[in-house]
Amino acid sequence: MRTADLTGLPTGIPEALRDEGIEELYPPQAEAVEAGLTDGESLVAAVPTASGKTLIAELAMLSSVARGGKALYIVPLRALASEKKAEFERWEEYGIDVGVSTGNYESDGEWLSSRDIIVATSEKVDSLVRNNAAWMDQLTCVVADEVHLVDDRHRGPTLEVTLAKLRRLNPNLQVVALSATVGNAGVVADWLDAELVKSDWRPIDLKMGVHYGNAVSFADGSQREVPVGRGERQTPALVADALEGDGEGDQGSSLVFVNSRRNAESAARRMADVTERYVTGDERSDLAELAAEIRDVSDTETSEDLANAVAKGAAFHHAGLAAEHRTLVEDAFRDRLIKCICATPTLAAGVNTPSRRVVVRDWQRYDGDYGGMKPLDVLEVHQMMGRAGRPGLDPYGEAVLLAKDADARDELFERYIWADAEDVRSKLAAEPALRTHLLATVASGFAHTREGLLEFLDQTLYATQTDDPERLGQVTDRVLDYLEVNGFVEFEGETIRATPVGHTVSRLYLDPMSAAEIIDGLEWAADHRNEKLRALADETPEKPKRDRSESDDGPGGFQRASEMVAAGGEGGDGADGGDGDADEFETDRTYPTPLGLYHLVCRTPDMYQLYLKSGDRETYTELCYEREPEFLGRVPSEYEDVAFEDWLSALKTAKLLEDWVGEVDEDRITERYGVGPGDIRGKVETAEWLLGAAERLASELDLDSVYAVREAKKRVEYGVREELLDLAGVRGVGRKRARRLFEAGVESRADLREADKSRILAALRGRRKTAQNILEAAGRKDPSMDEVDEDDAPDDAVPDDAGFETAKERADQQASLGDFE
DNA sequence: TAGAAGGGTATCTAGACAGCATGTC
DNA sequence: CTAGATACCCTTCTA
């Protein structure tokens, strides 16, 4: 089918497609159009990655808009939201407005109802439904990208319920579900009352094979010799071989999938020695530049290691990287500057990074519940292999698994190459999922009775798949019971209603169990305030340094961290709320303390906690006793409670946050907790969200901890001690600059407006441009930094780098960390 | 005698969504 | 029921 023959699209679109070089539709696309895609017909397209799924979605959305409608594109990842937005924006010149809405990004702040196409994550859509977004019932077309993710234990149910809600809100809604090739696409299509287009067609051929001995055997019967010398490994040989090329197409990049971050990093280190040999002179300087940019992103070991690999043309990629790291690496790989990426599964599900060759090195991954190495799902391996083949560059893509012996080779062929992907199975009946979604369903008025709930659930994929119709009813009863006991819903005869708190919890997008934990903790704090403050006061007066803290363990190190920064104006703000009450205990400590609050939100099921590594158990058990008065709620017993372990993990996570707001350097945090820069950002982000929710709940329940919660939250947001909150709120001023300014005597936003410019310039290490931007952001009348000389600054403006680690100090700290064990 | 090579062992393990409300003299 | 790569340390061998 020719694009020129397409009907029902906004004027100009078929021509625009032709100008893009798309004259003929790919077979699956044509099939979709024949099935009524552009006439508003619902459709499930189960086709391989990179076979033109996006155009299928675009045709549906554009034709829907042409009929005066509005389309929603649901993505599984925030990174994909921006990618899709950028893609759809090429239709803007034909009058199509595109908007994005995710947790951390809302386009322009322009209200979404004016947009024709909206891109959002499934959670965001769910949240918008819960909050009654005005434009929800104007939707005429919904695209669900990667719909096979309904199978995901954690996030699948959200997508499933959201689609069910959208369909109920608008019975004529066109649903276009894009799926990887899965076993039971037909079942998904039945669920959505949609036509099914299923195909294995790919625009670029994919050759799948297994490397064993000195050759890759491909599924099509062909072989490619890739000798592996004695003592040499398979992966570098394959990467080098791809770079050698064979005259066909371009020099070949490789994507290597491994099963852990550490493996990704060490593999990248090894691959760098291979890629280095193929880097041209021009590329070398570009790579050096890129490496510098990467070092600039964050001052951590991860960043340094990545930069070192990148300088030689290789990289690693995993969730421990900062978002900027990832983008830099992905872009450079697409530009063919980076020749090889060693990645964990992040990359298989993320943005589009095609490669000439894909090597799936590890096809098993550790799984604690399983009790060992568990083989990856066929679907997952197929997703990785599907990344092979760069359009316009490669004649075909090659995806290679590695085998050590002939048996393994045969097994891999059997298990992954000849095999069909697993069936998609709904995970909705899991209690945690229903807890959240039943409350939301009641709160946003989709159902008011048990019967109504079950009727609603009957529209989900789960209902069409289960062979045990009783089960859903049982779990529903248990969940309703839980929600009632915790005061989120109440019964009045047959009718179920969400309580005011229940409504809030639903709108805040909290797991009810998280909300219950937070409420319990805050109420407990209100009840024990005086007693705990007294305990804290008894301990605080310059507790003589216990001999132990000098040399031995973690908590000792933690203490040091807080001494790093010159103590600012502690106190002064008074305790929260009701001073003046005769019964109140007099102290200048706030209660609850930040650590108490961080621990509270960290032990919530909405926070993904850090692992306890060896030695951590003792470290944090000790910390647990030391800080006992700060925890909100009963501390489980070290000996009797199985929950103790989880409590400690939460403590470790909370401690990370405390370090963060104690202005401990990023590289020390990554080192101390064994995490990457990306993990810090992640923890901080969820803590921000949960503390925001806690603040809201506290104010709604009229608890006087609101103030303490708000401050703890703001400090997490900026990563600073309290005396810097004002400064750090200025655009362009982060935790580092705020500290420098403060130490130079510029202590507030007002100071920024009035202080001597040379003083400010000196504090910012003479960076004129940034200084000027900051002054503008602070609202200074004459922000210009021209003709200001930092050397004019008074001596006290450039102190002895107080509050900063000197190289010596850092070395000492590292030494003491070595003593740990 | 430095350094390679080999062997035993302790350690550790993928990913990532969400609220709210706006700012300044 | 069901792990395996790596880093690190120690010992031994070798030029």
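**Entry 1: the edge of the sheet**

I began at strand β3 (residues 98–102), which is joined to β4 by two bridges, the two running antiparallel. I note that this is a predicted model, where local features need pLDDT of at least 70, side-chain atom pairs count only at pLDDT 80 or more, and totals for chains, interfaces and linings use all residues. Residues are numbered from 1 along each chain as its sequence is written, chains are lettered from A and ligands numbered from 1 in the order in which they are written, and side-chain values use heavy atoms, with hydrogens and water left out.

My vocabulary for strands: they are DSSP runs of E with at least two residues, while helices are runs of H or I with at least four, and both are numbered from the N terminus. Two strands pair if DSSP finds at least two bridges between them. Strands of a sheet pair through backbone hydrogen bonds, either parallel or antiparallel.

Back at β3, I found Ser101 opposite Glu106 in β4.

**Entry 2: the whole sheet**

Next I wanted to know the order of the strands in the open sheet. There are eight, and the order reads β4-β3-β5-β2-β6-β7-β1-β8, with mixed pairing. Why is one side of β4 and of β8 left without a neighbour in the sheet? Because β4 (105–106) and β8 (195–198) stand at the edges, and each has a single partner strand.

Helix α3 packs on this sheet and touches β1 (43–46), β2 (71–75), β5 (117–121), β6 (141–144) and β7 (174–179). Touching is contact, meaning heavy atoms within 4.5 Å. The direction of α3 makes about 170° with that of β7. For that angle, axes are lines fitted to C-alpha atoms, for helices over the stretch in contact, and angles run from 0 to 180 degrees between N-to-C directions.

**Entry 3: inside the sheet**

I looked up β5 next: buried or exposed? Five of its five residues are buried, so β5 is largely enclosed by the rest of the structure. Buried here is under 20% relative accessible area, exposed is over 50%, and partly exposed is in between (1.4 Å probe, protein chains only).

In a regular strand the side chains alternate between the two faces of the sheet. In β5, Ile117, Val119 and Thr121 point one way, and Ile118 and Ala120 the other.

Then I checked the neighbours of β5. β2 pairs with β5 in the parallel sense over five bridges, and β3 pairs with β5, also parallel, over four bridges. Ile117 of β5 turns up twice as a bridge partner: for Ala71 and for Val98.

β6 came next. Cys141 and Val143 point one way from β6, Val142 and Ala144 the other way, and all are buried. β6 is joined to β2 by four bridges, running parallel, with Cys141 as the bridge partner of Ala71. β6 also pairs with β7 in the parallel sense over four bridges, and there Val142 stands opposite Val175.

**Entry 4: one serine in α3**

I picked Ser63, found in helix α3 (residues 53–66). Ser63 counts as buried because its relative accessibility is 0%. Which residues does Ser63 contact, leaving aside neighbours within four places in sequence? I found Gly8, Leu9, Pro10, Leu37 and Thr38.

**Entry 5: DNA strand B**

On to the DNA. I counted a residue as near a strand if one of its heavy atoms lies within 4 Å of it. DNA strand B is surrounded by 36 residues, the closest being Gly103, Thr121, Ala319, Thr686 and Arg753. Helix α28 (677–700) is among the elements that each supply at least two residues of this surface, and α28 gives the largest share, five residues.

For polar contacts I used pairs of N or O atoms within 3.5 Å; within protein, one must be able to donate a hydrogen and the other to accept it, and residues adjacent in sequence count only if both atoms are side-chain atoms. An N or O atom in the side chain of Arg78 is 2.9 Å from a phosphate oxygen of DNA strand B. A polar backbone atom of Ala319 is 2.7 Å from a phosphate oxygen of DNA strand B.

**Entry 6: DNA strand C**

How many residues surround DNA strand C? I found 13, and the closest are Arg233, Arg269, Arg270, Tyr370 and Met373. A polar side-chain atom of Arg269 lies 3.0 Å from a phosphate oxygen of this strand, and for Arg270 the distance is 2.9 Å. α9 (261–275) and β17 (372–375) are the elements giving two or more residues to this surface, and α9 gives the most, with five.
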